[in-house]
Amino acid sequence: MSSASEVADAAERKDVRGRWLLSLPALLIIGIASVFPLLIVLVYSFLKPGSYGDVVWQFSPDAWVGVLFQRDIFDGTLSIADAHLSIFWRSVRLSLMTTVLALILGFPTAYFIATRPERTRAIWLFLITIPFWTNLLIRTFAIQEVIRNEGVVNGLLMKLGVISSPIQMMFTDFAIMIGMVYVYFPLMVLPLYASMEKLDFRLVEAGYDLYATRLKVLWRIIIPMVKPGIIAGSILVFIPSLGAYVTPRVLGGGRNLMLGNLIELQFGQGRNWPLGAALSITLLVIVMAALLIYVRKASNGGAHHG
Amino acid sequence: MPEKPDRSAIEIRNVSKIFGSGDDQVKALDNVSVDIRENEFFTLLGPSGCGKTTLLRLIAGFDFPTEGEIRLHGEDIAPLPPFKRPVNTVFQNYALFPHMTVAQNIAFGLEMLGRPKQEIEARVAAMLKLVKMEQLRNRKTSQISGGQQQRVALARALAPQPKVLLLDEPLSALDYKLRKEMQIELKRLQGETGITFIFVTHDQEEALTMSDRIAVMSAGRILQVGSPWEIYDHPAERFVADFIGETNFLTGTVKEAGNGRARLLLGSGAEIAASAASDFKPNAEATLMVRPEHAKLVKGKGDLGGTVQNIVYFGTDTHIHVRLDGGEMFIVRQQNARSAGCGFEEGEKVGVSIGDDAAQVLRD
Ligand SMILES: Nc1ncnc2c1ncn2[C@@H]1O[C@H](COP(=O)(O)OP(=O)(O)OP(=O)(O)O)[C@@H](O)[C@H]1O
Ligand SMILES: [Mg+2]
C-alpha cells in the first residue's frame, strides 16, 4: 500500500519536473520579451531626466509625482495636473465609446457572416480583414480624406445641398473615434464570429418555439451564448484604443491628445523619459484594472442572468 | 376532454418541401395531405430520412412549405412566425439551453408568455415532478444524462400547455423501463390535457401501442393513415406491411378481382383468394401478405405445402420456419401452451392453412 503510493508520489514529482523543463523555453521568452523590458521601464520611472533625453542614474520620485501633479515654476507648490487628468479621462472615454460602437456595428456583422452558407463565409471574413493588410498610417490618412472639410463626405453633402458649409470633423474626438472603430473593427468581428459560428442555431429555434420574440431570443439566448466572443472582442478593441498613437495624432491633430501621444511627447520633445515611463506604467495599470473589472462583471452578469 | 372530438386541429393540404436547388435538390416532402384531429395522439412512423422531422418543422414554423398549405384550427398559419404559433416542440436533439438550469429551461416558455411568477413556479414544480427531475432542478443542462435531457425537453415543451405538441422521437434515448413508463405517462397526459400530440417515432411497437392514428411515411410521402389496427391488419401497400410487424410475402398473378377481393395464382401453382387493398386487373402482378400469427400449420395438406426447416422458441410463442414447395420461406407463429411442444419437427412435411380473412392482396 505505502510503497505503491510512494511510487505514485515519485512519478508525480518527476512529472512536475518534466513539465517545468518543457515550459522553460516559453518562460525564457516571456522573461526576456516581457518582464525584462517592463522592469527597465519601472526602473526608469524612478530616475531623473537628463537634459537631452535619456536618464540620470539618480533616484527620484519626481516622475511619479508628475503623473498627477504639476509643480509651480515660481514657488514650487504642487497642484493637480489638469492636463494629464483630462487626457486620461479622454483616453478612457474615447476607448470605451470606440469599443461600444465597434460592438454595436460588429455584432450584426458577425451574425450576418455566421449565418451565411459555409462557402461564402470565408469570402466575407476575408473582406473584413482586408484593411489589415494595409499600413495603419495609410488607412488613417484614407479616413482623413473621407472626413476632412474638402473630403468625400462634406463634398457630397454640399453637392446635394444638405449643408452649405463643411462640417468640421477633422481634429475632433469624433474623428478619433471613427478612426479607431475603423482600425480595430476586425478585432471585434473576428472573436465575435468565432463564438457565433459555434452557436447552435437549433437553440434559436427552440427559443422561437417557446414564444420568445426575436429581441428576446437575442437577449436571452444568443447574447449569453456568445458572451465569450463579446468579452474577447471588447478587450481586443479597448486595449489598443487606450494606447492608440497614430490615429489620434493624424485625425485629432495636435490638440486632441490621448495617452499614447502624451507618452510619446515625453520621450520626444518633452525630454522627460522618467515621466514617460511612469505614464506608460499608469496606462498599463489602467488597462489591467479595466480588464479585471470587465471580466469580473461580465462573468458575474452571465451567471446572474442565465 | 375535447368539446368536438372530430374537429381538425391541423390540416395539411398538398404540402411539398424541396431543399436546395438544381442537381442537389432534395424532395423531403412530396404532396402530403393529412388531417390531424383535436385531442388526437397522432404518430408519424417511417424510416430514417422519410421526412418526419421536416413535416414537424413546417408545422412549428421553422421552415416553409415549397407548395401547399397548413391550417391550424381552420386558419392558414403561413403568416404566423413560430413564436406566435400555439405549438411546442420536443426536439429530436433536445435543444436545451446550456446556459440555463433545468428549472430555468422549463420556465422559459412561461416567462416569454408573461405569466405571473407564482404560476410559473407552480407549473415548473409540477413539470419537474411529472418527469421525475425534482432533485436536478438546479443543475445546468449540460451536466445531466441524455435521458434526463430528454425528460427536461419534454417538461419544457409541456409547461406552456400548447394546443399542439410536436414530439420528435422523444423517448429514443431512454432505457427500456423508463421508456415504458414515459409511454404510459405521455398517453395519460395527452388524454388529460386535451393537447393534440404529433409524435414521431421509428419504433413500430411504440407507434402501435400509443397512437390513436398512425401515418406511415416513406420517401417524403404518406402511404397510409389509419388506426393501429387498420395499419397492421389492412396495410394499403407492401411497404407498410413490411415496415410494421413481421410479414410473409408471396408474389403471384391476379386471376380474377372485384368487390374488394382478388384471387391470386402463386408461383407454386396454389391459388388463394383474399381481400384486396386496391383494385386489380386480371394478370397484374401482386403480392399476398400473411401475418405469421394468422397462418396455421397443419399435418397433411393445407393451402400451401412445405417442409419445416427451423423451429425457434420465444417463450410466449414459437416461430416455425417453413420452406414452401415453391422455394419461398414462410414463417408461422404459434402461441405456446404450458408443457406442450409445438407439435412439429424439423424436416417434417406440413401444410400451411390460410384462413379466409388472414391474408391480403397488395400492390407491388
Ligand atoms: N436543411 C436541409 N437541407 C437539405 N436537405 C435536407 C434538410 N433537412 C432535411 N433534408 C433532407 O430531407 C429528407 C428528410 O429529412 P428529415 O429530417 O425530415 O427525415 P426524418 O424522417 O426526420 O429522419 P430521421 O428519422 O433520421 O430523423 C432527408 O433526405 C434529408 O437529408
Ligand atoms: Mg428526424
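This is a short tour of a sheet in chain B and of the place where chains A and B meet.

Before you start, note that this is a predicted model, where local features need pLDDT of at least 70, side-chain atom pairs count only at pLDDT 80 or more, and totals for chains, interfaces and linings use all residues. Residues are numbered from 1 along each chain as its sequence is written, chains are lettered from A in the order in which they are written, and side-chain values use heavy atoms, with hydrogens and water left out.

**Stop 1: the sheet**

Select chain B and look for five antiparallel strands in an open sheet, ordered S15-S19-S16-S17-S18. Strands here are DSSP runs (E, at least two residues) and helices are too (H or I, at least four), numbered from the N terminus; two strands pair if DSSP finds at least two bridges between them. Now colour S15 (295-299) and S18 (329-335) of chain B: each has a single partner strand, so one side of each is left without a neighbour in the sheet.

Next, pick S16 (304-313) and S17 (317-324) of chain B, an antiparallel pair with seven bridges. Zoom in on B:Asn310, whose bridge partner in S17(B) is B:His321.

**Stop 2: where the chains meet**

Show both chains: 18 residues of chain A are in contact (heavy atoms within 4.5 Å) with 28 residues of chain B. Which side chains should you select for a salt bridge? Try B:Arg57 and A:Glu205, at 2.8 Å, N to O; the rule asks for a side-chain nitrogen of Lys or Arg within 4 Å of a carboxyl oxygen of Asp or Glu. Finish on helix H8 (201-209) and helix H9 (214-225) of chain A, which each supply at least two residues of the side touching chain B. The largest share of that side, seven residues, comes from H8(A).
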